[in-house]
Amino acid sequence: MSKRFANIEDFVREKLSFLDAAPSNDWADFERKLKRALILHRLKRATGVIGLLLLLFAGQQFYNAYNTQQDLTINSAPKEVSDFPDLTNSHYSASADAVFATTSLSTNGPTREEQAGNSKNETSDLVIATSGKKSPGQKSIRKESASAKAQTTPPKTIVAADPVLFVHQEGIDNISSTGLAYVDHLLNNYQLPIMDSSSIVPSDGKHFFSRKTKKKIYISPLQEKDPWSYSLNIYPNFAFRKFSIDPNKRARLHSDFIDAMLDSEASGLNLNLGLEVNKRIGLITYVNTGVEYIRNSYLAQFDFVNFRDANIDYSTGEITSYTMRKDPNRIVFNNQNSFHYLNFPLSISHQPWASENVRINLEVGFSLLYFLKAEGSTIDYRNLEIIALSQRSYRKFMGSSSIKVGLQYYVNEKLNIGLEPTLMYFTNSIYTEEYPFEVIPYSMGLNVNLQLKL
Amino acid sequence: MLNSNPEHIIRLEDLEDYLKPKEILLNSSEQELVLACAKGKRAAQKRVYELFAGKMLNVCRRYAKDKDHAQDLMHDGFIKVFLNIQNFKGQASLQTWITRIMINNSISAIRKEVRNGIKVKLEDVQIAEPEIVYFELEDKQSLSAADVFKQINELPLGYKTVFSMYVLDGYTHREIAAELEITEGTSKSQLAKAKKMLARKLREAQ
């Protein structure tokens with residue numbers, strides 16, 4: 001029995017519903033691909049997590065560096081010394097342990113002078129700085145005084161600016177020579193704490209007595225000694241950029257040209273030469289600026305078929321219709337094009353880890369690109385004719401911000417080689433508003449940096 | 001006061017398209033397979049692959065240039081299936097879900113070639129209504145499903161893709177235009193030409 005179909009769609013649907021599915025026996029092939037894909041998938045996720053952790057770590061390092069800077073600034077001011085006006089000028093320790101030792105000495109220092117100079121005086125002033133605990137010196141003095149059966153009045157405590165506590169002891173009468181001798185003995189045998197200036201951990205007034213220890217920062221011997229440094233940078237980089245069609249300007253674009261254009265300028269090799277000025281603002285933190293010459297070069301490759309000619313309304317610049325060509329025209333065009341810029345960067349870099357020759361460098365910053373010229377030729381996106389790049393109009397300035405996470409190898413004090421994956425965000429496109437393509441504003445690049453210190 | 005203007009009355013039947021699809025309960029073995037696949041159990045993945053690979057190869061064949069290409073597309077599709085199977089919530093059957101992934105994967109793989117292959121003419125762009133083509137075919141025994149499938153596969157890539165999407169996979173012209181980044185007019189034109197060419201081929205093959 002035959003069945004009539006008025007519609008080929010129904011016919012095909014019904015026929016294909018009986019299509020046999022051949023059993024598959026290529027699981028082994030597929031399993032290999034699946035394993036590879038799973039590894040890649042995990043690798044991508046791990047890279048994402050590592051990237052995130054690296055960013056968090058960098059943020060923490062910046063925060064610590066900022067705090068350290070603040071501490072150094074505060075402690076270098078003379079007002080801190082005035083916290084101990086009567087105690088000591090001989091040394092000024094900031095570590096908590098050193099503070100206790102110094103305080104003991106300071107306590108005893110003036111006491112001895114008082115006792116020696118005014119041994120016949122009935123009053124002796126003991127000025128003890130403490131953080132609430134009794135210092136060993138204080139305890140000893142009291143004990144000795146008691147054993148000498150000296151008449152003492154209860155100590156009067158004067159609380160000065162927190163946390164320094166002044167104990168003012170007065171009314172000591174008839175201090176025996178044994179007691180004084182013991183005090184002298186204590187003072188004479190006191191050993192000054194041996195301190196290495198590099199071990200000083202600065203702290204502001206609030207943390208003066210805290211036992212917070214800060215991680216020691218490794219400073220490579222190859223690190224710049226002078227806070228200001230100047231260098232010549234040569235770094236080629238390969239940047240990946242993506243174009244998309246601006247939907248509002250779709251009518252300006254020849255339809256046969258879309259794919260060809262999207263492929264032609266997607267990536268390019270940059271050659272950058274720059275004079276960089278660095279100012280060290282922390283132990284391992286720098287501000288960088290300078291001027292760079294950038295040559296962005298790419299191979300314009302077009303290979304596509306033009307089936308129709310565009311009819312352009314030149315008053316609006318839009319394509320209104322197409323006229324079919326009798327013979328499709330295959331357009332093959334290759335040309336090395338380049339754009340030239342001057343770049344003025346401003347960035348902050350931080351080196352959270354370093355060995356003698358290797359440093360990890362984290363950098364964030366902004367830059368202003370000044371367009372110099374464009375060289376080469378391309379295909380016009382409306383009439384598909386070959387035009388010189390210089391005929392197009394470009395914006396003079398383009399802004400960008402960037403994040404770099406990289407590794408620098410210091411060959412010696414004068415030369416280092418860096419490998420820095422860089423993510424850039426462009427605030428605007430170099431093309432003017434008439435251009436029917438939008439550049440996706442992010443670009444990924446791999447900088448290979450050769451830096452010569454001047 | 002309520003507005004009694006009929007234009008503002010909302011009828012339930014008008015909302016049918018907006019209602020959430022009913023969940024289709026998978027049978028227990030399918031559910032177990034999905035869970036095991038989500039845990040990365042290789043045996044379960046193998047079972048799913050063996051269950052659906054044949055059908056999916058046919059789906060991919062409709063979009064691919066040749067059999068090897070179809071197999072590559074199917075493998076890529078299954079990799080996506082296994083990487084995303086934890087997102088499968090059971091709103092459709094597992095086969096429907098996998099088929100949709102295969103179609104999307106195939107279309108994105110061939111989109112550019114299809115667009116380049118479609119030779120757009122001015123009248124195609126201006127076309128407003130679909131060209132109506134009448135076919136009269138008899139379901140003769142001489143034409144098997146494999147024969148019809150073969151004839152579809154021999155259509156030019158642009159015709160084949162639009163025909164498959166519209167007739168076999170239920171895409172609208174608007175969806176086809178969006179997926180392939182062509183105009184709706186081009187999609188309609190391609191479909192009309194595909195049907196014309198397929199009808200001729202099928203008549204010759206009978």
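These legends describe close-up views of a predicted model.

**View 1. One side of helix H1 of chain A is buried.** Helix H1 spans residues 8-16 of chain A. Its buried residues are Ile8(A), Glu9(A), Phe11(A), Val12(A), Lys15(A) and Leu16(A). They cover an arc of only 160° around the axis, so they sit on the same side of H1(A). An α-helix has 3.6 residues a turn, so residues three or four places apart point the same way. Glu9(A) also belongs to a salt-bridge network with Arg13(A) and Lys195(B).

**View 2. Aromatic rings pair across two chains.** Over all chains, the structure holds 13 aromatic pairs. In one of them, the ring centres of Phe30(A) and Phe82(B) are 6.0 Å apart. Their planes meet at 55°, so the pair is tilted. Phe30(A) lies in helix H2 (residues 27-75) of chain A, and Phe82(B) in helix H3 (residues 67-84) of chain B, so the pair joins two chains. Phe30(A) is buried, with a relative accessible area of 0%. Phe82(B) is also buried, at 5%. Ring pairs link both residues into a cluster with Trp27(A), Tyr49(B) and Phe78(B).

**View 3. A salt bridge joins Lys33(A) to Asp72(B).** Their closest N and O atoms are 3.2 Å apart. Lys33(A) is in helix H2 of chain A and Asp72(B) in helix H3 of chain B, so this pair joins two chains. Lys33(A) is partly exposed at 25% relative accessibility. Asp72(B) is partly exposed at 37%.

**View 4. Buried salt bridges link distant parts of a chain.** Glu363(A) forms a salt bridge with Lys404(A), with the closest N and O atoms 3.8 Å apart. The pair connects strand S8 (residues 358-375) to strand S11 (residues 397-410) of chain A, 41 residues apart. Both Glu363(A) and Lys404(A) are buried. In chain B, Asp169(B) and Arg62(B) meet in a salt bridge at 3.0 Å, N to O. Asp169(B) is in the loop between helices H7 and H8, Arg62(B) in the loop between H2 and H3, and 107 residues separate them. These two residues are buried as well.

**View 5. A nonpolar patch lies on the surface of chain A.** The patch measures about 910 Å². Its residues include Trp228(A), Tyr230(A), Leu232(A), Phe344(A) and Phe397(A). Strand S4 (residues 228-245) gives the largest share, three residues. Trp228(A) lies in this strand and is partly exposed, with a relative accessible area of 44%.

**View 6. Arg359(A) lies over the face of Tyr410(A).** Arg359(A) is 3.5 Å from the ring centre.

Technical notes: Residues numbered from 1 in each chain as written. Chains lettered and ligands numbered in written order. Predicted model: local features only at pLDDT ≥ 70, side-chain atom pairs only at ≥ 80, totals over all residues. Heavy atoms only, no water. Patch = residues over 30% accessible without salt bridge, like charges linked within 9 Å, V, L, I, M, F, W, Y side chains within 5 Å. Areas by Shrake-Rupley, 256 points an atom, 1.4 Å probe, with all protein chains shown as cover. Salt bridge = Lys/Arg side-chain N within 4 Å of Asp/Glu carboxyl O. Helix = DSSP H or I, 4+ residues; strand = E, 2+ residues; numbered from the N terminus. Buried < 20%, exposed > 50% of the residue type's maximum accessible area, 1.4 Å probe, protein only. Arc of directions from axis to C-beta. Phe/Tyr/Trp six-rings, centres within 6.5 Å; stacked < 30°, edge-to-face > 60°. Lys NZ or Arg CZ within 6 Å of the ring centre and 35° of its normal.
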